[in-house]
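Reader: I am new to looking at protein models and would like to study one part slowly. Could you take me through the main pocket and the aromatic residues beside it?

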Amino acid sequence: MRVVIEAEAELYRLAALRVAAAIRAKPACVLGLATGRTMLPLYDELARLHRAEGLSFAAVTAFNLDEYVGVGPEEPGSFRHFVRERLQRRTDLRPEAVHVPDAGANDPAAAARAYEAELRAAGGVDLQLLGLGVNAHIGFNEPGSSLASRTRVKTLSDETLAANREGLPAVVRERRLAITMGLGTILDARTCLCIATGPAKAGAVAATVEGPLTASAPASILQLHPDAILYIDDPAAAALLRRRYYLDAESRERLLEDGDVR
Ligand code: GLP
C-alpha cells in the first residue's frame, strides 16, 4: 500500500490530481464514489478542476459505495443526495450515469444483488474512492464483515451511528441498515484511493496499514490490493510505527513518477 502523508490541503490537491489523471487517461472510466465528511474537500477540488481546467466527467460512469436502507433518493440524508449536490451538480457528470444502490426498494437484499450485477455489467470499478470509518470500516463493511463479501445489506454498528449522527434520517436510527459494496467488490476495483484525516482516524489508519489482515479492521483488506493508495494528514498518521519510512519512500517514488502527479 502506498502511504502519502501530507498537510490536509496538499493531500486533497494530490488526491484530486490522481482522480483527474485517471479520468483523462480513460474518459469513459468507472468511478467508485464515497460519501462522508472526508470526501467534501475532494469533491470541492474536483469541481474546481472541472471549472478551472476543463476536467470533464461527461463520459464517466459512477457507482456509489453504499446507501442507507429506507431513505429515498431525494432526502437530504441520503447518499444519492450527497453525491448529487457535492459532485454531480457541480460538474458535467450525467445524472443517469450515477448509480446508487436502490435502498428504498421493498426488497433491499434483491436490490443489493442487482447493484452488484449492474456494476459487473459496467465492467467493474476503475478507481474506487474510500473514506475510513473510525472503526476501520470501508463502505459500510463493519468489523466482522466477510473479506470476500459482495454488495449486500449490513447492520450499522453503534460507532457508525454515533459518527454519522449529524443529519441521520430517523429511519436509519430505527432500522440501522444499509446496502454496501462488499469487501470483495471493493478489492476488485483496479485502483483504490483511500483518504483519512484528523486524530479520530489515527487508530483506524494504523490498523489499515500496519495491523494484521483481519475482518475486525475491514480496511486492512487493502493490504491485499495491488494498487491501493492512502492519503492521510499528520494527525491521522500519528499512530503509524513506520511513519518516517513512508515519508522517505514517498519522496523517492515521486521522483520516479511522470510529471502529472507531484
Ligand atoms: C461512512 C461511510 C463511509 C465513509 C465513512 C467515514 O459511514 N459509509 O463510506 O467513508 O463513514 O465518514 P467521514 O468521512 O464522515 O468520517
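Author: Here is a walk through the pocket, then the rings, then the wider surroundings. Keep in mind that this is a predicted model.

Let us start with the empty space. Rolling a probe the size of a water molecule over the atoms shows where empty space is left. The largest pocket has a volume of about 900 Å³. Its lining is made up of 35 residues, and those nearest the centre are T35, G36, R37, F79 and N164. Three elements each give two or more residues to this lining: β4 (66–68), α3 (79–86) and α5 (158–163). Of these, α3 gives the most, with 5 residues. Sorted by class, the lining holds 14 nonpolar, 14 polar and 7 charged residues.

Now pick out F79, since it is one of the residues nearest the centre of that pocket. Is F79 buried or exposed? With a relative accessibility of 10%, F79 counts as buried, because the cut-off for buried is under 20%. F79 has company in its helix: the buried residues of α3 are F79, F82, V83 and R84. Here a general rule about helices is handy. An α-helix has 3.6 residues a turn, so residues three or four places apart point the same way. With that in mind, look at F79 alongside F82 and V83 in the list of buried residues of α3. What covers the buried residues of α3? The cover includes β2 (30–33), α2 (39–53), β3 (61–64), β4 and β5 (98–99).

Next come the rings. A pair of aromatic rings is described by the distance of the centres and the angle of the planes. The whole structure contains 6 aromatic pairs. In one of them, Y68 and F79 sit 4.6 Å centre to centre with 45° between the planes, which makes the pair tilted. Y68 belongs to strand β4 and F79 to helix α3, so this pair ties together parts that are 11 residues apart in sequence. Y68 is buried too, at a relative accessible area of 4%.

Y68 has another ring partner, F140. The ring centres of Y68 and F140 are 5.4 Å apart and their planes meet at 35°, so this pair is tilted as well. While Y68 lies in strand β4, F140 lies in the loop between β6 (127–130) and β7 (152–155), so the pair ties together parts that are 72 residues apart in sequence. F140 counts as buried, with 2% relative accessibility. Put the pieces together and Y68, F79 and F140 form one aromatic cluster.

How do the nonpolar residues group together? The largest nonpolar core has 68 residues, and L42, L46 and I232 touch the most other members. Helix α1 supplies the largest share of this core, 8 residues. A second, separate core has 9 residues, among them V71, F79, L168 and V172. So F79 appears again, this time as a member of that second core. To see what one member of the largest core meets, take L46: beyond its neighbours within four places in sequence, L46 is in contact with A16, V19, L55, F57 and L87.

For contrast, visit the second largest pocket, which holds about 210 Å³ of space. Its lining consists of R18, A21, A22, K26, C29, D126, L127, R190, T191 and D227. Helix α1 (residues 8–25) gives the most to this lining, with 3 residues. The classes here are 4 nonpolar, 1 polar and 5 charged residues.

One lining residue of that second pocket, D227, leads us to the start of the chain. M1 and D227 are 226 residues apart along the chain, yet their C-alpha atoms are separated by 7.0 Å. M1 is in the segment before β1 (2–5), and at 36% relative accessibility M1 counts as partly exposed. Leaving out residues up to four places away in sequence, M1 touches T208, V209, L222, Q223, A228 and L230.

To finish, go back to the first pocket and find F79 once more: F79 is among the residues nearest the centre of the largest pocket, and F79 shares an aromatic cluster with Y68 and F140.

Methods
Residues are numbered from 1 along each chain as its sequence is written. This is a predicted model: local features need pLDDT of at least 70, side-chain atom pairs count only at pLDDT 80 or more; totals for chains, interfaces and linings use all residues. Side-chain values use heavy atoms; hydrogens and water are left out. On a 1 Å grid over the protein atoms alone, a cavity is a set of points where a 1.4 Å probe fits but cannot get out, and a pocket is an open set with protein on both sides within 12 Å along at least five of seven lines; lining residues have an atom within 4 Å of a point. Grid points are joined across faces, edges and corners, and a volume is the space filled by probe spheres set on the points. Helices (H or I, at least four residues) and strands (E, at least two) are DSSP runs, numbered from the N terminus. Ala, Val, Leu, Ile, Met, Phe, Trp, Tyr, Cys and Pro count as nonpolar, Asp, Glu, Lys and Arg as charged, and the others, Gly among them, as polar. A nonpolar core is a set of buried Ala, Val, Leu, Ile, Met, Phe, Trp, Tyr and Cys residues joined through side-chain atoms within 4.5 Å. Buried means under 20% relative accessible area, exposed over 50%, partly exposed in between (1.4 Å probe, protein chains only). Contact means heavy atoms within 4.5 Å. Rings of Phe, Tyr and Trp (its six-membered ring) pair if their centres lie within 6.5 Å; planes under 30 degrees apart count as stacked, over 60 as edge-to-face and the rest as tilted.
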